[in-house]
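Please look over the sequence and the model shown here. The text after them walks through a few features.

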Amino acid sequence: MAPLIALLVGTALARLAGLVGVAALDGWHPALRVGLALMFVVTGVAHFAPAYRADMIAMVPPSLPRPDLLVTLTGALELVGAAGLLVPATARWTAAGLALLMLAMFPANVSAARRGLTLAGKPATPLGPRTVEQVFFIAVAAAISFGA
């Protein structure tokens, strides 16, 4: 839920800043970039936070090697991607790359839901709502990648 809140609140605040005169944020496209960047900061930091890291490692499907390395790599890619979204010259390609990253990481969410894992002591989001949320996140990345 925190990633969704970060995306929505970050987008809304960036759009409001654009409406009150911050020229770089004047429009929905730059506001979406800020919201998605904030979302990826939240999720990227979680890959390294002690309260989440072990649970994220457990989410990696058992058939994949080195889950600890995969969690580190994906967390780093999320943080680099967040920065890339904030640079207009790289935002479109970064958003496309992040959409592919989200697709690649989705099996971990499926694995967590099916195995009844927890994340920081809370049950993993059930597969139905998590799938809808993931489709929304990918749609936002696509809107940034293909939008004006």
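The paragraphs below take up the largest pocket, a surface patch and a loop residue.

This is a predicted model, in which local features need pLDDT of at least 70, side-chain atom pairs count only at pLDDT 80 or more, and totals for chains, interfaces and linings use all residues. Residues are numbered from 1 along each chain as its sequence is written, and side-chain values use heavy atoms, with hydrogens and water left out.

The largest pocket holds about 1,000 Å³ of space. A pocket here is an open set of points on a 1 Å grid over the protein atoms alone, where a 1.4 Å probe fits, with protein on both sides within 12 Å along at least five of seven lines; lining residues have an atom within 4 Å of a point. There are 39 lining residues, and Met56, Met59, Asn109, Leu119 and Arg130 are the closest to the centre. Helix α5 supplies the largest share of the lining, eight residues. By class, the lining has 29 nonpolar, six polar and four charged residues.

On the surface, Met1, Ile5, Val9, Leu13, Leu16, Leu19 and Val20 make a nonpolar patch of about 740 Å². Such a patch takes residues with over 30% relative accessible area and no salt bridge, nonpolar side chains being joined within 5 Å. Ile5, in helix α1, has a relative accessible area of 44% and so is partly exposed (buried is under 20%, exposed over 50%, partly exposed in between).

Gly27 sits in the loop between α1 and α2. Gly27 counts as buried because its relative accessibility is 16%. From Gly27 to Thr43 is 16 residues in sequence and 25 Å in space, C-alpha to C-alpha.

Methods:
Grid points are joined across faces, edges and corners, and a volume is the space filled by probe spheres set on the points. Helices (H or I, at least four residues) and strands (E, at least two) are DSSP runs, numbered from the N terminus. Ala, Val, Leu, Ile, Met, Phe, Trp, Tyr, Cys and Pro count as nonpolar, Asp, Glu, Lys and Arg as charged, and the others, Gly among them, as polar. Patches are made of residues with over 30% relative accessible area and no salt bridge: like charges are joined within 9 Å, nonpolar side chains (Val, Leu, Ile, Met, Phe, Trp, Tyr) within 5 Å. Accessible areas come from the Shrake-Rupley method with a 1.4 Å probe; for residues, only the protein chains shown count as cover. A salt bridge is a side-chain nitrogen of Lys or Arg within 4 Å of a carboxyl oxygen of Asp or Glu. Buried means under 20% relative accessible area, exposed over 50%, partly exposed in between (1.4 Å probe, protein chains only).
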